[in-house]
Amino acid sequence: MVKETKGMKTIWYFVGFILLIMGVLVAAAGFIDYVTPPQDQPVLAHLHTSIWWGLIMIFAGLIFLYVSKGTTVE
Amino acid sequence: MEMIRLGYIDWIVIATYFAFVLGIGYYLKKFTTSDEDFFLAGRRNSSWVAGLAFLSANLGALELLGMTGNTFKYGMYVAHFYWVGAIPAMLFLAIYMMPFYYSSRIKSIPGYLKVRFDEKTRVLNGFAFAIMTLLVSGINLYAMALVLRTFLGWDWDISMWVSAATVAIYVAMSGLMSAIFTEIVQFFLIWFGLFLVTVFGIVEIGSLEEIFSRVPESFSALWSNSADPSQNGMLITWAGIALGLGFVLSFGYWTTDFLVVQRAFSARDLRAARMTPIVASFFKMALPFIVIIGGLIAIVLSQDPQSGFALLQEEGRLNYDSALPLLIARYYPSGLIGLGVTALLAGFMAGQAGNISAFNTVWTYDIYKAVINKKASSQHLLWMGRIATVVGILISIVTAYWAKSFPTIMDYMQAIFSWVNAPLFATMLLGMFVRWITPNGAFWGLISGMGSSFFLFMAVKFEWLDRTILTLSNYSSDMAANFWRAWWAWLICFTMTILISLHTKRKPDAELEGLVIDLTKPVSITEKLPVLKKPEFYALISFIIFIVLNIYFW
């Protein structure tokens with residue numbers, strides 16, 4: 001049975017949404033650490049991973065949002 | 001002690017996740033209008049959605065922490081849980097068992113036992129499963145509070161009540177659909193939140209080859225040292241792995257545990273249902289990149305005094321579960337720490353939501369409707385599902401407090417798990433493939449299998465029985481004993497079911513059409529699809545990758 005349910009957003013919309021928000025927060029933390037480096041630095045801190053990983057998450061989130069744009073679950 | 005310090009952005013990341021999952025539950029509530037919506041997510045999911053949820057229901061934080069810690073303890077052999085201990089069973093479920101499950105339109109695994117055998121077998125399994133899920137859910141909650149207190153210094157009661165209340169609210173609002181949605185969100189958070197642990201470890205140590213060259217030889221192979229149990233970290237032979245883990249525990253869990261199979265039932269059609277475990281199998285095979293390599297990285301770092309890395313110790317014993325949190329604390333800067341902790345929290349909460357959504361379905365359909373209120377309407381069952389969710393969470397909290405005051409209960413969880421799943425797999429296998437297996441054979445076979453599994457656990461625990469008799473070897477670990485106990489429980493259930501069936505009354509063939517393989521029309525098993533759409537095609541690809549991985553890491 002395929003049930004008709006008008007307007008229900010797909011799970012991919014929510015995945016895109018959370019990745020976008022989390023990506024923004026992680027990248028923002030990375031920029032703050034870059035501008036004002038904390039006293040206790042983790043191993044490999046010089047890679048500034050939060051910045052580029054946050055940007056990758058933003059990119060992934062935008063892709064999911066774009067793909068799920070306008071689609072609803074039947 | 002507190003070993004991970006959170007900054008304010010980390011707190012915002014965690015708070016965002018809590019708000020997000022509650023928002024999903026609220027959003028989906030308006031689409032949850034019938035019992036089928038609540039318990040089976042309206043049977044509208046694609047194979048991708050159902051497949052990722054199928055995998056994620058199994059991918060709790062306990063698994064992530066535990067398997068990384070187990071790799072530290074046992075080495076590469078833990079990868080067997082992800083490969084031989086999962087893939088053949090998942091593919092078998094997809095190819096051979098799913099047509100019976102899905103086509104018979106049952107709503108739960110005990111539901112299949114009802115139509116194939118009888119009501120008493122269904123109720124027996126329903127009760128056993130309901131008790132098991134609540135205990136597992138409670139122990140999960142206990143473990144989560146323990147982890148959060150140990151690594152983050154959070155208050156025990158607050159972290160337990162806040163996460164339990166969050167799960168209760170979003171599952172009560174929209175049932176399996178919200179559980180599935182949050183499981184998929186969890187899947188992505190785990191990959192984005194924990195993938196970098198392994199990447200950082202490889203970067204710091206130098207390369208993957210360097211990691212393998214620096215762990216003890218007995219810890220770096222998968223099969224080549226399995227002929228002699230004294231030569232591998234798990235102290236087990238290949239037979240114990242193949243029979244106990246690869247056959248009984250794996251097939252028992254992946255093909256009969258309603259927690260995971262329920263996700264496949266939510267698929268929109270038979271093909272999507274069959275593709276569900278196949279899609280999951282590809283991602284299951286990839287998980288050792290985080291947990292196994294992470295555990296090996298922890299071994300290499302702990303062997304190097306210059307690294308300053310050492311597992312936590314409690315009363316002189318290593319806390320293996322601290323491996324993954326210690327790696328997060330070592331490598332992650334602010335922001336990423338919040339993401340890593342959120343991934344673990346999401347794992348705990350999604351695992352609990354999975355248990356509760358499976359419990360409320362089995363309680364409502366296989367106990368309440370089957371025994372207490374046979375004429376309940378769809379709306380009444382929907383209401384009962386919501387009540388069962390809240391009550392189930394409250395019982396889980398009581399179990400968690402019980403575990404806190406009586407820590408050895410954790411040991412019994414392993415027994416309970418093999419107590420329910422290992423014998424049930426023998427019952428299901430015989431039920432689906434042998435038409436003359438009788439209802440009484442199934443019922444008493446199941447009771448003897450469950451009883452023997454529990455007895456063997458107690459006998460070894462209290463030394464009524466020497467463990468070497470169970471494991472057929474002078475060398476064995478706790479894990480080896482678990483594998484062998486599952487094998488013996490399965491064998492006893494299998495044998496007793498056959499013996500009793502030979503002397504008791506069969507069900508007429510007319511009542512078994514579509515439920516047993518030789519009474520099912522081939523068209524319902526092998527759908528007429530082009531090759532590239534056939535589940536068998538993708539199952540073959542998955543199986544080839546599985547073989548290649550085993551040979552490569554031999």
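A polar contact is a pair of N or O atoms within 3.5 Å. That cut-off is needed for the first view, which, like the others, shows a predicted model.

**View 1. Ser250(B) reaches a backbone oxygen with its side chain.**
The partner is Gly85(B), whose backbone oxygen lies at 2.9 Å from the side chain of Ser250(B). Ser250(B) sits in helix H11 of chain B, residues 238-256. Its relative accessible area is 1%, so Ser250(B) counts as buried. Beyond residues up to four places away in sequence, Ser250(B) touches Val84(B), Gly85(B), Ala86(B), Ala89(B), Leu245(B) and Thr255(B). Gly42(B) is 208 residues away from Ser250(B) along the chain. The C-alpha atoms of Ser250(B) and Gly42(B) are separated by 28 Å.

**View 2. Tyr101(B) and Ile184(B) have the most contacts inside the largest nonpolar core.**
This core holds 224 residues. Helix H8 of chain B, residues 156-205, gives the most to it, with 26 residues. A separate core of 8 residues lies apart from it. Tyr365(B), Leu381(B), Leu382(B) and Met384(B) are among the members of that second core.

**View 3. The surroundings of Tyr101(B) include several partners distant in sequence by over four places.**
With residues up to four places away in sequence left out, Tyr101(B) touches Leu93(B), Ile106(B), Ile109(B) and Tyr112(B). Its contacts also include Thr255(B), Thr256(B), Val261(B) and Phe265(B). Met428(B) and Met432(B) complete the list.

**View 4. Helix H6 of chain B is mostly covered.**
The helix spans residues 109-116. Of its 8 residues, 6 are buried. These are Ile109(B), Pro110(B), Gly111(B), Tyr112(B), Leu113(B) and Arg116(B). Two of these names return from the previous view: Ile109(B) and Tyr112(B) both touch Tyr101(B).

**View 5. Gln262(B) is a buried residue of helix H12 in chain B.**
Helix H12 covers residues 258-265. Is Gln262(B) buried or exposed? Gln262(B) counts as buried because its relative accessibility is 0%, and the cut-off for buried is under 20%. Neighbours within four places in sequence aside, Gln262(B) is in contact with Phe39(B) and Leu176(B). Ser357(B), Ala358(B) and Thr361(B) are also in contact with Gln262(B).

**View 6. Arg271(B) is partly exposed.**
Its relative accessible area is 23%. Arg271(B) belongs to helix H13 of chain B, residues 270-286. Phe20(B) is 251 residues from Arg271(B) in sequence. From C-alpha to C-alpha, Arg271(B) and Phe20(B) are 32 Å apart in space.

**View 7. Chain A meets chain B through 37 residues of chain A and 44 residues of chain B.**
About 3,400 Å² is buried between the two chains. Carbon and sulfur atoms give 79% of that area. How many salt bridges does the rule find across the interface of chain A and chain B? The count is 0. Polar contact between chain A and chain B comes to 5 residue pairs, both residues at pLDDT 80 or more. On the side of chain A that touches chain B, helix H1 (11-35) and helix H2 (49-67) of chain A are the elements that give two or more residues. H1(A) gives the most, with 15 residues. The residues on this side of chain A divide into 27 nonpolar, 5 polar and 5 charged.

Notes:
Residues numbered from 1 in each chain as written. Chains lettered and ligands numbered in written order. Predicted model: local features only at pLDDT ≥ 70, side-chain atom pairs only at ≥ 80, totals over all residues. Heavy atoms only, no water. Core = buried A, V, L, I, M, F, W, Y, C linked by side-chain atoms within 4.5 Å. Buried < 20%, exposed > 50% of the residue type's maximum accessible area, 1.4 Å probe, protein only. Helix = DSSP H or I, 4+ residues; strand = E, 2+ residues; numbered from the N terminus. Contact = heavy atoms within 4.5 Å. Buried area = accessible area lost by both parts, 1.4 Å probe. Salt bridge = Lys/Arg side-chain N within 4 Å of Asp/Glu carboxyl O. Polar contact = N/O pair within 3.5 Å; in protein donor to acceptor, adjacent residues only side chain to side chain. Nonpolar A, V, L, I, M, F, W, Y, C, P; charged D, E, K, R; others polar.
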